[in-house]
Amino acid sequence: MANIEIYSGDYCPYCVRAKNLLKNKGVEFTEYDVQRDLDRQAAMVERSGGARSIPQIFINGKHIGGCDDLYALDSRGELDPMLTD
């Protein structure tokens, strides 16, 4: 199973959408709340190459991007193979 990490925050509708997509696919993920943990926020910005918006999603250490990027991968049929690695 893939190692999925989501940097997110409270009351973020894009974070909810991204997490729901992953839950519907039956995969587990690690969630980091960057609104409450400034060290995690700094790590997210560094890992993502400067992105400050949430969510920021990583699969097996690869930066996927945000919610729209995750859904775009899914619509192209590229997400499922990434989730089984």
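## Close-up views of a predicted model

**Figure 1. Overview of the chain.** Along the sequence, the elements run β-α-β-α-β-β-α-α. The radius of gyration is 12 Å, close to the 12 Å that the globule rule gives for 85 residues, so the chain is as compact as a globular protein of that length. The model is predicted. In total there are four helices and four strands. Along the principal axes, the C-alpha atoms fill a box of roughly 35 × 25 × 20 Å. Buried residues make up 39% of the 85. Among contacts between residues at least 6 apart in sequence, 58% join residues at least 24 apart.

**Figure 2. Surface and charge of the chain.** About 5,000 Å² of the chain is exposed. Carbon and sulfur atoms supply 45% of that area. The chain carries 10 positive and 14 negative side chains. The centres of these two sets lie 2 Å apart.

**Figure 3. E5 in strand β1.** Strand β1 covers residues 4-8 and includes E5. The relative accessible area of E5 is 10%, under the 20% cut-off, so E5 counts as buried. Its side chain makes a polar contact with the side chain of R47, at 3.0 Å. Leaving aside residues up to four places away in sequence, E5 touches T30, Y32, R47, Q56, I57 and F58. R47 thus appears both in the polar contact and in the list of residues touched.

**Figure 4. D10 and Y11 in the loop between β1 and α1.** D10 sits in this loop, ahead of α1 (13-24). D10 is partly exposed, because its relative accessibility of 30% falls between the 20% and 50% cut-offs. Beyond residues up to four places away in sequence, D10 touches D33, Q35 and R36. D10 and M44 are separated by 34 residues in sequence. In space, their C-alpha atoms are 16 Å apart. Y11 belongs to the loop between β1 and α1 as well. Y11 has a relative accessible area of 82%, over the 50% cut-off, so Y11 counts as exposed. The phi of Y11 is positive, about 60°, although Y11 is not a glycine.

**Figure 5. K19 in helix α1.** K19 is part of helix α1. With a relative accessible area of 13%, K19 is buried. K19 touches I6, S8, F29 and E31, not counting residues up to four places away in sequence.

**Figure 6. The two ends of helix α2.** Helix α2 spans residues 38-47, and D37 caps its N-terminal end. A side-chain oxygen of D37 lies 3.1 Å from the backbone nitrogen of D39. After α2 comes G49. The phi of G49 is positive, near 75°.

**Figure 7. The cis peptide bond between I54 and P55.** I54 and P55 are joined by a cis peptide bond. Its omega is about 0°. P55 is located in the loop between α2 and β3 (56-59).

**Figure 8. N60 in the loop between β3 and β4.** N60 is placed in this loop, ahead of β4 (62-65). N60 is not a glycine, yet its phi is positive, about 50°. N60 counts as partly exposed, at 40% relative accessibility.

Notes:
Residues are numbered from 1 along each chain as its sequence is written. This is a predicted model: local features need pLDDT of at least 70, side-chain atom pairs count only at pLDDT 80 or more; totals for chains, interfaces and linings use all residues. Side-chain values use heavy atoms; hydrogens and water are left out. Helices (H or I, at least four residues) and strands (E, at least two) are DSSP runs, numbered from the N terminus. Buried means under 20% relative accessible area, exposed over 50%, partly exposed in between (1.4 Å probe, protein chains only). A polar contact is a pair of N or O atoms within 3.5 Å; within protein, one must be able to donate a hydrogen and the other to accept it, and residues adjacent in sequence count only if both atoms are side-chain atoms. Contact means heavy atoms within 4.5 Å. The radius of gyration is taken over C-alpha atoms; the globule rule is 2.2 Å times the number of residues to the power 0.38. Accessible areas come from the Shrake-Rupley method with a 1.4 Å probe; for residues, only the protein chains shown count as cover. Lys and Arg count as positive and Asp and Glu as negative; His and the chain ends are not counted. The place of a charge is taken as NZ of Lys, CZ of Arg, CG of Asp or CD of Glu.
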